[in-house]
Every structure is written in structure tokens, then in C-alpha cells.
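Please open the model in your viewer and keep the sequence panel visible. The stops below each give a selection and then what is found there.

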Amino acid sequence: MSFITLYYWSVDYLKYQVLQGEPVRLKCALFYGYIRANYSQAQSVGLSLMWYRSSGLGHSDFEEPISFDGVRMSKEEDAIWFRPADLQDVGLYSCVLR
């Protein structure tokens, strides 16, 4: 097995080294740390959490939201899961409340 790298950019810029074939969860930074927003409260006022992915490392590449298949890659409340992580998942991820 080999390691793959996932980058997460929102409030923070994080780099995840994960073992290919293992499950991994990316939690949206808007709901932890110093912001402390609440996912349920955001939903109750009509906001939606959108996830974006760019295969490059430039912030301008985020255009289309991620389409989740619900099987290997799924959105669960304030996080996305990769079950399992694969080479096709390498990229830069971001979450936005709209």
C-alpha cells in the first residue's frame, strides 16, 4: 500500500497523508476550532454545506460542487468520508456554507 495526500482548505490549510485503501474523514473546519458554528443550526436557518474539490493546488479551481456517490465517497453532516481512500481522491478540498 502507498500513501496519498489530501489537502483541505477553508479556514485552515491542512494536509492529510492517508494510507491508500484505508477509510478517511475530512471534517469541515467551519464546525470546529475557533469558529464553533453548529451544523444543525446552520441547516435550520436554510444554509447548505457544499464541498468542492480541485485536482490542482490553486484556490481558483473550485467551480463545481462534489457529487457524492454515497458508497465509497459520502457526505455525512459536516464531514466527507472516503471508504476507502484512493489515488483518484488526491486533490484540494474546501467546504462552504451557502
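Start with the aromatic rings: in this predicted model, the count of aromatic pairs comes to one. Select Phe82 and Tyr93, whose rings are arranged edge-to-face, with 5.5 Å from centre to centre and 75° between the planes. Phe82 belongs to strand 6 and Tyr93 to strand 7 (residues 91–97), so the pair ties together parts that are 11 residues apart in sequence. Colour by accessibility, and both Phe82 and Tyr93 come out as buried.

**The sheet around strand 6**

Keep Phe82 on screen and add Val24, which stands opposite Phe82 in strand 6. Val24 opens the way to strand 3: select residues 24–27 for strand 3 and residues 79–82 for strand 6. The two run antiparallel and are joined by four bridges.

Next, add residues 73–76, which are strand 5. Strand 5 is also joined to strand 6 by four bridges, and these two strands run antiparallel. To check the register, pick Ser74, which has Trp81 opposite it in strand 6.

With the three strands shown together, what is their order in the sheet? The order is 3-6-5, in an open sheet with antiparallel pairing. Strand 3 and strand 5 are at the edges with a single partner strand each, so one side of each has no neighbour in the sheet. From one strand to the next, the twist averages 20°. When you follow side chains along a strand, bear in mind that in a regular strand they alternate between the two faces of the sheet.

**The turn between strand 5 and strand 6**

Zoom in on the hairpin of strand 5 and strand 6, where two residues lie between the strands. Select Glu77 and read its backbone torsions: phi is positive, near 55°.

Then select Asp78, in the loop between strand 5 and strand 6. Is Asp78 buried or exposed? Its relative accessibility is 11%, and since buried means under 20%, Asp78 counts as buried. Leaving out residues up to four places away in sequence, show what Asp78 touches: Leu26, Lys27, Cys28, Phe31, Tyr39, Leu49 and Trp51.

**The disulfide**

From the contacts of Asp78, pick Cys28. A disulfide joins Cys28 to Cys95, with 2.0 Å from S to S, and the disulfide count comes to one. Cys28 is in the loop between strand 3 and helix 1 (39–44), while Cys95 is in strand 7, so the pair ties together parts that are 67 residues apart in sequence. Measure the torsion about the S-S bond of Cys28 and Cys95 in the viewer: the value is about 80°, so the disulfide is right-handed. Both Cys28 and Cys95 are buried.

**The nonpolar core**

Now select Cys28, Phe31, Leu49, Trp51, Ile80, Phe82 and Tyr93 together; they have the most contacts inside the largest nonpolar core, which has 18 residues. Which elements give two or more residues to this core? They are strand 3, helix 1, strand 4 (49–54), strand 6 and strand 7.

Centre on Leu49 and show its contacts, again without residues up to four places away in sequence. Leu49 touches Cys28, Phe31, Tyr39, Lys75, Glu77, Asp78, Cys95, Val96 and Leu97. Both cysteines of the disulfide are thus on screen again, as are Glu77 and Asp78 from the turn.

**An exposed loop position**

Move to Glu64, in the loop between strand 4 and strand 5. Its relative accessibility is 61%, so Glu64 counts as exposed. Draw a C-alpha to C-alpha distance from Glu64 to Ser54: the two are 9.1 Å apart in space and 10 residues apart in sequence.

**The whole chain**

Finally, zoom out and colour by secondary structure. The chain has one helix and seven strands, in the pattern β-β-β-α-β-β-β-β along the sequence. Of the 98 residues in the chain, 36% are buried. For a contact map, consider the contacts between residues at least 6 apart in sequence: 57% of them join residues at least 24 apart.

Notes: Residues numbered from 1 in each chain as written. Predicted model: local features only at pLDDT ≥ 70, side-chain atom pairs only at ≥ 80, totals over all residues. Heavy atoms only, no water. Pairing = 2+ DSSP bridges. Phe/Tyr/Trp six-rings, centres within 6.5 Å; stacked < 30°, edge-to-face > 60°. Buried < 20%, exposed > 50% of the residue type's maximum accessible area, 1.4 Å probe, protein only. Axes fitted to C-alpha atoms, helices over the stretch in contact; angles between N-to-C directions. Disulfide = S-S within 2.5 Å. Core = buried A, V, L, I, M, F, W, Y, C linked by side-chain atoms within 4.5 Å. Contact = heavy atoms within 4.5 Å.
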